[in-house]
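These are my notebook entries on a single protein chain. I set down what I looked up, in the order in which I looked.

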Amino acid sequence: MLFTKKVRANGSSGEHEGGCDADVRVGEGGLRGSPEYSGVGCRVSGVGCGVSEIYASNITPRPDSRQPTAKSNKEHRMKNASCRAGILVFMIAWTPSLFAWGQTGHQIVATVASRGLSPKVAKEVSVLLNGQTLADVAPLPDQWRKTDTYESGWHYVNIPKSDTAYDPARDCPPQQSEVGNDCAVAAIEHYKTVLADTTQSNATRGQALTFIVHFIGDIHQPLHNANNNDEGGNEVPVTWFGAATHTYSGDSNPVAWNLHAVWDDAIIEQTGMSVDAYATYLLKRPRPANATKGTTVDWTNAAYRLAKTNSYVIPSATPAPLGKKYYARNLPVVNKQLLLAGLRLRSVIESALGGKHQVIHKAQTGVSVPHRLSR
Ligand SMILES: [Zn+2]
């Protein structure tokens with residue numbers, strides 16, 4: 001949902017080559033490991049990057065799984081910022097099914113945030129995102145991490161269920177990357193700085209904004225903050241209203257239900273509401289007191305406590321049968337977390353882009369701003 005699969009990185013990659021990949025096919029094929037990867041056969045040229053950087057796991061497994069160095073990470077990031085910005089429109093225009101799983105919650109959070117932005121900041125957001133909306137880009141980091149596997153840890157915080165709160169030394173270890181540490185808290189703080197830095201290019205800041213939209217959603221999903229040696233509930237088999245499996249839109253292969261997926265997708269999907277209708281519903285609800293107060297760590301700790309008081313409270317049978325009772329108990333929690341995430345995201349964006357901050361508009365300069373390192 002928000003929230004997305006918390007599957008740990010074990011894929012290949014880390015090595016990225018320059019130049020354009022010719023004859024890259026995207027579109028109709030299954031993104032989730034389907035061996036038959038075919039599609040509309042779009043050739044993407046002239047964007048300065050290979051689309052296969054994003055879809056490599058579906059095209060050709062890369063044989064080299066070495067972890068990138070800090071230097072190669074930064075170089076790669078510079079290229080990726082422009083690559084990702086450049087092909088964003090293409091991706092959304094041609095491959096709607098690619099984002100059909102785990103995207104709803106992220107888009108609800110983004111829509112809640114976008115509806116209350118000041119006109120000035122809303123305009124700057126549009127410029128940084130090449131005309132796309134926050135909801136358009138919200139799911140993208142879950143695609144990026146399929147190939148840039150060192151980003152996977154930025155989507156969650158591994159606080160042991162047996163503990164009481166976030167401990168940065170334990171839960172956010174150092175990482176050789178532009179973020180510098182391997183957890184969602186560090187990633188959010190890093191990209192807030194990048195977003196507010198007017199010396200950065202629009203592409204780099206747009207990518208930072210995309211990360212922030214996604215990661216603030218992630219940390220409001222309780223099971224993105226807690227771990228019980230079960231991959232945040234990914235390894236806890238459950239049934240959902242009697243069903244042992246489900247399918248994701250665009251993929252006919254059945255997937256077994258697990259506890260994490262219930263919180264990512266099932267509870268939200270059970271409401272039957274569209275993204276826009278859900279956002280409207282949430283914005284009509286009473287606003288939680290002090291909604292935008294606190295730090296990223298405070299928000300993480302609050303969601304972590306919900307994992308213990310709600311998410312992990314399930315029947316002991318295997319698979320645990322979850323249905324009407326579990327849904328009724330936890331839907332209010334999901335709704336509150338979605339609303340809080342949206343309100344907080346809006347506040348973070350306003351802080352980064354409001355006031356004296358200015359976006360350099362291409363229309364003013366006539367040329368793209370050169371990309372720079374994020375730090
Ligand atoms: Zn995520």
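The entries below go from the whole chain to its helix contacts and then to single residues.

**Entry 1: the model as a whole**

I began by noting that this is a predicted model. I then looked up the confidence: the mean pLDDT of the protein chain is 77, and 67% of its residues reach 70 or more. I marked two stretches for caution. Over residues 87–101 the pLDDT stays under 50, and the model has 26 contacts beyond four places in sequence for them. The pLDDT is also below 50 over residues 357–375, a stretch with 34 contacts in the model beyond near neighbours in sequence. I keep in mind that predicted coordinates should not be read in detail where pLDDT is low.

**Entry 2: overall make-up**

I asked how many helices and strands the protein chain has. The listing gives 14 helices and six strands. I also looked up burial, and 48% of the 375 residues count as buried. For contacts with a separation of 6 or more, I found that 78% are accounted for by residues 24 or more positions apart.

**Entry 3: helix α13 and its partners**

I took helix α13, residues 324–353, and looked up its packing with helix α10, residues 259–271. The two pack at an angle of about 95 degrees, and their axes are 10 Å apart. The angle therefore makes α10 roughly perpendicular to α13. On the α10 side I recorded I267, I268 and Q270, and on the α13 side Y327, N330, L331 and V334. By class, I counted five nonpolar and two polar residues in this contact, with no charged ones.

I then turned to helix α4, residues 119–128, whose axis comes within 10 Å of that of α13 and crosses it at roughly 85 degrees. I therefore entered α4 as roughly perpendicular to α13. Here V121, E124 and V125 of α4 meet I349, E350 and L353 of α13. This contact of α4 with α13 has four nonpolar and two charged residues, and no polar ones.

**Entry 4: helices α8 and α9**

I next looked up helix α8 (residues 184–196) and helix α9 (residues 202–218), whose axes come within 8 Å and cross at roughly 145 degrees. The crossing of α8 past α9 is left-handed. Which residues make this contact? From α8 I listed A184, A187, I188, Y191, K192, V194 and L195, and from α9 T204, R205, A208, L209, F211, I212, F215, I216 and D218. By class, 12 of the residues in this contact are nonpolar, one is polar and three are charged.

**Entry 5: L129**

I looked for L129 and found it in the loop between α4 and α5 (134–137). Is L129 buried or exposed? L129 counts as buried because it has 22 C-beta neighbours inside 10 Å, where 20 or more suffice. Beyond its neighbours within four places in sequence, L129 is in contact with V137, G206 and L209. I looked further at G206: it is 77 residues from L129 along the chain, yet the C-alpha atoms of the two are separated by 5.3 Å. I noted that L209 also belongs to the α9 side of the contact with α8.

**Entry 6: Q175**

I located Q175 in the loop between α7 (168–171) and α8. Q175 is buried, since 20 other C-beta atoms lie within 10 Å, and a count of 20 is enough for that class. Its contacts, leaving aside neighbours within four places in sequence, are with G180, N181 and D182. I also recorded the C-alpha distance from Q175 to G153, which is 9.8 Å for a sequence separation of 22 residues.

**Entry 7: backbone details**

I looked up two residues in the loop that joins β2 (226–227) and β3 (238–240), beginning with N229. N229 is not a glycine, but its phi is positive, at about 55 degrees. N229 counts as exposed because it has 8 C-beta neighbours inside 10 Å. E231 lies in the loop between β2 and β3 as well. Its phi is near 55 degrees, again a positive value in a residue other than glycine. E231 has 19 other C-beta atoms within 10 Å and is therefore partly exposed.

My last look was at P319, in the loop between α12 (296–311) and β6 (320–322). The peptide bond from T318 to P319 is cis, and I noted an omega near -5 degrees.

Methods
Residues are numbered from 1 along each chain as its sequence is written. This is a predicted model: local features need pLDDT of at least 70, side-chain atom pairs count only at pLDDT 80 or more; totals for chains, interfaces and linings use all residues. Axes are lines fitted to C-alpha atoms, for helices over the stretch in contact, and angles run from 0 to 180 degrees between N-to-C directions. Helices (H or I, at least four residues) and strands (E, at least two) are DSSP runs, numbered from the N terminus. Angles under 35 degrees count as roughly parallel, over 145 as roughly antiparallel, 65 to 115 as roughly perpendicular and the rest as oblique. Two residues are in contact if their C-beta atoms, placed from the backbone, lie within 7 Å. Ala, Val, Leu, Ile, Met, Phe, Trp, Tyr, Cys and Pro count as nonpolar, Asp, Glu, Lys and Arg as charged, and the others, Gly among them, as polar. A residue is buried if 20 or more other C-beta atoms lie within 10 Å of its own, exposed if 12 or fewer, and partly exposed in between; C-beta atoms are placed from the backbone. A crossing is left-handed if the near helix is turned anticlockwise from the far one by less than a right angle, and right-handed if clockwise. pLDDT is the predictor's confidence in each residue, from 0 to 100.
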